[in-house]
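Biologist: I'd like to learn how to read salt bridges in a model. Can you take me through them?

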Amino acid sequence: MLSGWAALAELATRVRVLAVDGPEIAPWDELVDQVQRLLGEHGVIVETLDARHGMASWTTIVALTSSTELADDPDFESLASVALEDLFEQPVQAEPSGPSVTVIFGPGAALSDHDLLWYFDQPKRCAEAAVATGSARNLGQRDVSDKSTTRRLFYVDWPILDRHRETIAPAVSLWIDGQDARRPSALEARTLAATAAALVHQPFRTRPIFNTTPWGGHWGQRQLGVGTDQPNTAVGYELIAPESGVLIGDRADLTVEVPFQLLVSLCPTELLGEEVHDRFGTSFPIRFDYLDTVDGSDLSVHCHPQAGFMHEIFGWPYTQHESYYVMVAGNGGNIFLGLRDDADIDAFHADAVRAEQTGEPFDICRHIQTFPAVAHQLYLVPAGTPHGSGVGNVVLEVSATPYLYSLRFYDWLRRDEDGRQRPVHVELAFRNLDRERRGNQVAADLVAVLRPQRSGPGWREDVLADLPEMFFDVRRLELEPDSQLDDDTAGRFQVLTVVEGAGVAIVTAAGRRVLLAYAETAVVPAAVGAYTVAACGCERVRVVKAQVR
């Protein structure tokens, strides 16, 4: 592992053309300044070329990456399907002369002829924060007055850049973590390859991140000690493949954070399993995250796109089926789920439109059912089902990976931190509303009933959910103190979260041992095979487990 610009620059002294690719958000000015300074100290002349100068005009890029259906939508866009090279008129090319080094830098640098290729990265959370504050631009947005938007970042920039990174990954010789622009850390390709090969044979965690929202609660701060400098800990990203990172390194002061999705692309069969890889490609299809409303407020009542709409309009090959596992239930807390049996869709729509347009509140319970929030109960949320968590709860969402498609019917006329009323998506929501999820059938189908699967001395495994239209199962392991159970991935990855008790020790057949504490999540790659789960502490432990069927 390398640390600091001097160590990185040393690797560039023997090449004529160095290409450094990466996202728009990376601190490119710092890279150029440091490489020029350090190579200059060795008597090397450095010429630089910004790869973005070869991109097409902003007007052309917008035309290539905009959909007709969602052209005027302020929040959503179809996933961009073009390649990064499609956004270029002509990649820039170096014309080295004499004993100089040419550094081609920026998104698309790998498209130019080069002798050596590096990748200079920052986590997506940095990009989201920078674009939200207006301090960063969208991909290809040069010398224009258009405001950068998270809409383009989520649905255009990230898909294009992710595919590009996956395409060029075999040629990258150095992966640079630029979170500390003054002292970056880096992994050489052979080290990353060896690390990835080892990781996919043992359970591992991704880096958890908590985000704030206007409805957010404080369980994460009080119970886990995270986000104490934030207003709240509304959404905890335990495992959301498109944004999660994995910290590599055995020293707290020297780590490299690499995208989790990069590890999936490097070792897809070992991590996902052959059948899951055949079905989902390199898309890791399950996510785990927390919704914290403890001393916060109700979530919006919303739904997620039905499968056909998700594929045809938004561009995802599979949709956002969800489930709510209640870890903490507030006093008198509720879960909003499904339509009332007597719900009048036209009246519901009229109420929602009026609230959006005039700011007139309405009683959502005239249309939507509520169920008591019960600790350790699972509620199923197939796409199209109206739902939301009430105040006072902590929900572990065990869901399909798509996570940016909450179509809001009603958000309580809530305002954001700038005092603006938060957007709702009434027409999109009603286009995707499953009108059959109503009345007693909601309780029968979507309030999960435990089904025993297997048991042994001091332990049991139960199936909590295996709804036919959802491609994943949710199960729960229960272990009494000093007990352990044997398990096996059987060729498909699994995801585990400790939802009650001190924690567990996960031990593979090869002797790899990983401790998982309360509220922590681990990926168990398909290649792990047989493993044991042993209870830690002096009280019962419960673990939620999910896997693709």
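**Reading the salt bridges**

Modeller: Sure. This is a predicted model, so local features need pLDDT of at least 70 and side-chain atom pairs count only at pLDDT 80 or more, while totals for chains, interfaces and linings use all residues. Residues are numbered from 1 along each chain as its sequence is written, and side-chain values use heavy atoms, with hydrogens and water left out.

Biologist: What counts as a salt bridge here, and how many salt bridges are there?

Modeller: The rule asks for a side-chain nitrogen of Lys or Arg within 4 Å of a carboxyl oxygen of Asp or Glu. That gives 42 salt bridges.

Biologist: Which residue does Arg 182 form a salt bridge with?

Modeller: Its partner is Asp 180, with the closest N and O atoms 4.0 Å apart.

Biologist: Is Arg 182 buried or exposed?

Modeller: First, the scale: buried is under 20% relative accessible area, exposed is over 50%, and partly exposed lies in between (1.4 Å probe, protein chains only). Arg 182 is exposed at 69%, whereas Asp 180 is partly exposed at 36%.

Biologist: And what about Glu 360 and Arg 354?

Modeller: Their side chains meet in a salt bridge at 3.5 Å, N to O. Glu 360 is partly exposed at 39%, and Arg 354 is partly exposed at 32%.

Biologist: How far apart are the closest N and O atoms of Glu 461 and Arg 454?

Modeller: They're 2.6 Å apart, in a salt bridge. Glu 461 is buried, at 1% relative accessibility, while Arg 454 is partly exposed at 31%. Salt bridges with shared partners link Arg 454 and Glu 461 with Asp 473, Arg 475, Asp 487, Lys 545 and Arg 549 in one network.
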